[in-house]
Amino acid sequence: MFQKLVMQDRILEVIDISEKQESKVRPSGLNTVNLLKVASSALGYGPQMAMQLAERLYTQGFISYPRTESTAYPSSFDFRGTLSALANNPVWGDYVERLLAEGYAKPRSGTDAGDHPPITPMRSATEDMLGKDAWRLYSYVCQHFLGTVSPDCKYIRTKVKFSMGAEFFHCVGQHVTVQGFTYIMPWLAINEKKIPQFTKEEKIEVSKVELHEGNTVPPEYLSESELITLMEKNGIGTDASIPVHINNICERNYVQVQAGRKLAPTTLGITLIRGYQCIDPDLCLPDIRSFIEQQITLVAKGQADHSGVVQHVLQQFRQKYSYFVKQIENMDALFEAQFSPLSNSGRVLSKCGKCLRYMKYISMQPSRLYCSTCEDVYNLPQRGTLKLYKELTCPLDNFELLIFSMAGPEGKSFPLCPFCYNNPPFEGIDTLYGTTTTGSFGKLGKGAGMPCFLCPHPACRHSMIAQGVCACPECNGTLVLDPVSAPKWRLYCNMCNCLVSLPQGAHRIATTQEQCPECGSKIIEIDFNKKTTPLDDGATLHTGCILCDELLHSLIEVKHGKSFFKRLGGRGRGRGAGRGAFKGRGWGTGKGVDPKMSFRDF
C-alpha cells in the first residue's frame, strides 16, 4: 500500500540538507584484555597463544609487560623516546618521523588500575627477527600505540532529506577531511560515502521504487572476543587468568573453536551446564567468581577482613559441595540419558510442559522420562505400569498427567505430574506427608516428591483436596478416590496400605464439593447400575457420606493393599485437619536456611 502511494507521485523533493563535522576519537592505551580480543577477532590467535607470543616479545625486550589492566599512561611516560625508537622501522618509520616533526597528540585519559602501564613497543623489529606469528602481534601493538598519539579522525557528514507521496526518505554521505589515527590503523577508517550535490526544493523524478523483505536470524555462537568482553564485564577472571579459563574449556571439550574463532558448545558442555542448573544454578552463573573478586578487592582496599572473607568463602563452598554430592543422582541421570544408547531408545509418551514437545519414556530400570529438547530427566515410580491419563494437564506447569498402576489385583493406581513429582511446588510436602526421597523396592521411586494424591492444590480436580474423601482408619493419612479403578471402585490411603472397597459395578463414583455436617468427610456421588442398584424404586443416583450414610457404610469393605511406601517418623495428615498448613513457593514466613548457600545474600 505504501509502495503504491509513493509510486503514484514519482517526484522526490529535497526538503532539507545538513552538514556536520564529526570526529572519531583515537584509542586509549592497550591493556591485556583488549589485546586478547583483537588477537582473536582480527589475527585469529586464541587467548592462550596470544599471551605466549606476548610474553615472548616481552622477554626479548620488544614490548612492555603484557599483563596489565590499565589503559592510561603515567604522566612521566616518555612518548618522544618511544617514538624515536620506532623511527627507523621500515614499515611505519616515515609516519613516526612525521609525528615527531608535526607534533604528536597526547593520549586519551583511560583507566589507571595501579598495576603496569599500557602495552607499548620498546624497540624496533622486523618480521625476519620475530617470525610471522609474533610479528603480526608486535605490529598490532606498534600500530595501536601510534594510534594513541595520533590526531582524531575528522569527517563531514551530510544528510539529505526527501519527501514523496507523504513519505519521508533520507540519504547520508561521509567525506573524510583528516585521516588522523586511521592512517596507521586502516581497519578503523571511516567508510566514505559519496552522494550527488543536491539543492533545497530540488525535484527529482524517481525511476524505480523497491520493497525489500527480510527475516530475522538466530544469534551466532559467541566468538572468543565476545566471550572475553563478557568475562571482563561480569568479573570472571583477571587479565592473567582469562586465557587459562578459555583454554581449559577448549581442552576439556566443553566447547569447540569453529571458523572465525566461534566457540560452539559441545554436547558434553551443554549437559554439564544443564546438570549444574538442575542441582545448583549458582555454580554456572558468574555471581560466585564475581563475588570472590569483589571481596578480594575490598580486602586490598582495607574495607574487609582477610580471614573473615576466607572463612566465609570456604564455608560457602563446603556447604555447596555437600549439597551437590547429595543431589549428584540428578547429574548422573542427565548424563546417562544423553550419552548412553538410552537417549535413542524409549517410546514417546507425554508432552513436556516447558517446550510442548513429546518426551520419551525409558522403561529400563530405573524408568524415567527424558525430554530431548529441554534435556531434562524426570524420575518416575518404579515396578509398575505407566500410561497417559486422558491427555489431561497439570494446572501448575502444563505437563501432561500420567497414571501409575502397581501390579496385582489389589495394586493401587494414582495420577502424577512428572514435573511436580520431581520438583514439589509446595513447601513442606516431605515433612507433612513423610514422602521418600530415595528409590528402592516398595517405595515411590528414585527422587520421589509429590504425586497428585499428596497435592494440596485447592482448584485441581486431581489433587488430594478434590479427591480426598475422609481420614484413614489405620493412620493419619487421607483416603483418596482411585480415579481409574472402575468397575471395582475403591479408596486408598495416601500414607499407608489401607484399601477401602466401594460399591462394585457402579457406573460412576465421584467426589463432590460438599462436606458431611457430622464428621467433615467429603460427600460422594454414586450412579448405580440399574440391574444391581440397592435403592428403592430402581433409582440409581445417590449421594452421601461413607461414614454416616447407613446405606453406603453397609456397602463398603476395609482391607489392605500394596503399600506405596514405608511409613516414616512423624504424624501424617487426616482429611480436614490443619487447613492452611501448606505454603506455596515464596509464601514462607521468616528466612530459612538455604542448603545451596547462595552468595547473593552475603
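User: Which residues of helix H2 are buried?

Analyst: This is a predicted model, and helix H2 covers residues 32–43. Of its 12 residues, 9 are buried, so the helix is largely enclosed by the rest of the structure. The buried ones are Thr32, Val33, Leu35, Leu36, Lys37, Val38, Ala39, Ser40 and Leu43.

User: What covers the buried residues of H2?

Analyst: We've just seen that 9 of the 12 residues of H2 are buried, so let's look at the cover. It includes helix H3 (47–59), helix H7 (132–148), helix H8 (224–233) and helix H9 (242–251).

User: Which residue follows H2, and what is the sign of its phi?

Analyst: The helix runs over residues 32–43. Right after it comes a residue with a phi near 80°, which is positive, and that residue is Gly44.

User: How far apart are the C-alpha atoms of Ala259 and Gly44?

Analyst: Ala259 sits in the loop between strand E5 (255–258) and strand E6 (262–265). Along the chain, Ala259 and Gly44 are 215 residues apart. In space, though, their C-alpha atoms are separated by 9.3 Å.

User: Is Ala259 buried or exposed?

Analyst: Exposed means over 50% relative accessible area. Ala259 comes in at 71%, so Ala259 counts as exposed.

User: What share of the residues in the whole chain is buried?

Analyst: The chain has 602 residues, with 17 helices and 23 strands. Among contacts with a separation of 6 or more, 61% are between residues 24 or more positions apart. As for burial, the share of buried residues is 44%.

User: Which residues make the nonpolar surface patch of about 360 Å²?

Analyst: One member, Leu5, has its place in helix H1 (residues 2–9). With a relative accessible area of 41%, Leu5 is partly exposed, and a patch residue needs over 30%, so Leu5 clears that cut-off. The patch is made by Met1, Phe2 and Leu5.

User: Which residues are closest to the centre of the largest cavity?

Analyst: The count comes to 1 cavity of 30 Å³ or more, and about 90 Å³ of space lies in the largest cavity. That cavity is lined by 14 residues, and the closest to its centre are Cys394, Cys420, Cys452, Cys455 and Cys460.

User: How far apart are the closest N and O atoms in the salt bridge of Lys320 with Asp280?

Analyst: The structure holds 12 salt bridges. This pair links distant parts of the chain, 40 residues apart: Lys320 is in helix H12 (residues 306–326), and Asp280 is in the loop between helix H10 (267–279) and helix H11 (287–300). Both Lys320 and Asp280 are buried. Their closest N and O atoms are 2.8 Å apart.

User: Are Glu525 and Arg508 buried or partly exposed?

Analyst: The side chains of Glu525 and Arg508 meet in a salt bridge (2.5 Å, N to O). It links strand E20 (residues 522–527), home of Glu525, with strand E19 (residues 508–515), home of Arg508. Buried would mean under 20% relative accessible area. Glu525 has 22% and Arg508 has 35%, so each counts as partly exposed.

User: Which residues are linked in a network of salt bridges?

Analyst: Some salt bridges come as a pair, such as Asp482 with Arg490 (3.2 Å, N to O), where both residues are buried. The network links Arg274, Lys354 and Asp376.

Definitions and conventions: Residues numbered from 1 in each chain as written. Predicted model: local features only at pLDDT ≥ 70, side-chain atom pairs only at ≥ 80, totals over all residues. Heavy atoms only, no water. Patch = residues over 30% accessible without salt bridge, like charges linked within 9 Å, V, L, I, M, F, W, Y side chains within 5 Å. Areas by Shrake-Rupley, 256 points an atom, 1.4 Å probe, with all protein chains shown as cover. Salt bridge = Lys/Arg side-chain N within 4 Å of Asp/Glu carboxyl O. Helix = DSSP H or I, 4+ residues; strand = E, 2+ residues; numbered from the N terminus. Buried < 20%, exposed > 50% of the residue type's maximum accessible area, 1.4 Å probe, protein only. Contact = heavy atoms within 4.5 Å. 1 Å grid on protein atoms, 1.4 Å probe; cavity = no way out; pocket = protein on both sides within 12 Å on 5 of 7 lines; lining within 4 Å. Points joined across faces, edges and corners; volume = space filled by probe spheres on them.
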